[in-house]
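Q: I'm new to this one and would like a close look at a single part of it. Could you show it to me first, and then I'll ask about one spot?

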Amino acid sequence: MLFTPDGYLLTNAHVVRGAKRVGVSLTDGSTLEASVVGADEPTDLAVLAVDGSRLPYAELGSSGALRVGQLVVAIGNPLGFSSTVSAGVVSALGRTMRATSGRLMEGIIQSDVALNPGNSGGPLVDSRGRVVGINTAMILGAQGLSFSVPIDTAQWVLGQLMTTGHVRRGYLGIAGQNLPLARGTARRLGLAQDAGVEVMRVERGGPAAEAGVVAGDVIVAADGEPVRSVDDLHRLLGRWPLAGALPLRILRAGELVTVEAAPREQPAS
């Protein structure tokens, strides 16, 4: 989907993943060679660029104003049928789903618009033709279950991709897994949560290692906020830049300790 007259396009990251050459077909039948400006796997979005000027481009709307039951239209090339339009309604807002990177994608728009392979990266538009989402997934074998990345998220991502080629996120240098907390332990320590993040591996020289975090630690809070899952940590580290040290509340050998880590920008993959 072209979103500027000088040739910038928005699509899904999975559409261009591993591609050595990328071409863009316009509605007038012409084909242009494109380059990948940047891709962000956690949101399944990518920005492309083609040489051109005064190209037809889409108007971006706001997904924050969407309401359940609102009419929406998907445009794409399902199963190779170019410039196909399908209509439906917004079925639900604020859905979550997993990206291929394993991160949780939040705020997803669910609709009953018919999507098929080939719709990926196409626009979801409102009744005024304004883009409110980027179509990203459907469930094979299911009817009326289609999912789109909200355009408000996409605008934040494309701004970073066009500036730096990647999205800036904080990074601790750990591998962790969700771990239920024993009720007795949580009660004794005054924790109002039933789970934390067990540290399985600490990257040598990473921010967590420098702060003294070790394998076996269980992170139960960060920056004063409860941490119940790896997704909670991802949300917190997504608020880049993070000013100053990040206090981590850790359960270690049955007792709570606090360490201060200094997250760095996550290396571009």
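With which side chain does the side chain of T4 make a polar contact?

A: Let's go straight to that spot, keeping in mind that this is a predicted model. The partner is D6: the side chains of T4 and D6 make a polar contact at 2.6 Å. That isn't the end of the story for this threonine, since the T4 side chain also reaches the backbone nitrogen of Y8, at 3.1 Å. To find T4 along the chain, look in the segment before β1, the strand that covers residues 8-11. T4 has a relative accessible area of 15%, and it counts as buried because the cut-off for that is under 20%.

Now step back from T4 and take in the whole chain. There are five helices and 18 strands in its secondary structure. Follow the C-alpha trace along its principal axes and you get a span of about 65 × 35 × 30 Å. The chain has 269 residues, and 42% of them are buried. As for the outside, about 13,700 Å² is exposed, with carbon and sulfur atoms supplying 51% of that area. On the charge side, you'll find 23 positive and 24 negative side chains, and the centres of these two sets sit 4 Å apart. If you take contacts between residues at least 6 apart in sequence, 58% of them join residues at least 24 apart.

Next, the inside. The largest nonpolar core holds 21 residues, and the members that touch the most others are M1, L10, V131 and I134. Several elements chip in with at least two residues each: β4 (45-50), β7 (104-111), β9 (131-138), β10 (146-150) and α2 (151-164). Of these, α2 gives the most, with five residues. There is also another core, apart from this one, with 17 residues, including L172, L233, L248 and A261.

V131 is a good residue to click on if you want to see who meets whom in that largest core. Setting aside its neighbours within four places in sequence, V131 is in contact with M1, A58, E59, L60, G61, S62, P123, L124, V125 and I151. M1 is worth spotting in that list, as M1 and V131 are both among the core members that touch the most others.

L233, from the other core, leads on to a glycine. G170 and L233 are 63 residues apart in sequence, while their C-alpha atoms are 9.7 Å apart in space. G170 belongs to strand β11, which covers residues 170-171. With a relative accessibility of 3%, G170 is buried.

For a contrast with T4 and G170, try the loop between β5 (71-76) and β6 (84-98), where L79 has its place. L79 is not a glycine, yet its phi is positive, at about 55°. L79 is also exposed, because its relative accessible area of 58% is over the 50% cut-off. S83 lies in that loop between β5 and β6 too. Its backbone has a similar quirk to look for: phi of S83 is near 50°, a positive value in a residue other than glycine. S83 has a relative accessible area of 47%, so it is classed as partly exposed.

So, back to where you started: T4 is buried, and its side chain contacts the side chain of D6 and reaches the backbone nitrogen of Y8.

How values were computed: Residues numbered from 1 in each chain as written. Predicted model: local features only at pLDDT ≥ 70, side-chain atom pairs only at ≥ 80, totals over all residues. Heavy atoms only, no water. Core = buried A, V, L, I, M, F, W, Y, C linked by side-chain atoms within 4.5 Å. Buried < 20%, exposed > 50% of the residue type's maximum accessible area, 1.4 Å probe, protein only. Helix = DSSP H or I, 4+ residues; strand = E, 2+ residues; numbered from the N terminus. Contact = heavy atoms within 4.5 Å. Areas by Shrake-Rupley, 256 points an atom, 1.4 Å probe, with all protein chains shown as cover. Lys, Arg positive; Asp, Glu negative; His and termini not counted. Charge placed at Lys NZ, Arg CZ, Asp CG, Glu CD. Polar contact = N/O pair within 3.5 Å; in protein donor to acceptor, adjacent residues only side chain to side chain.
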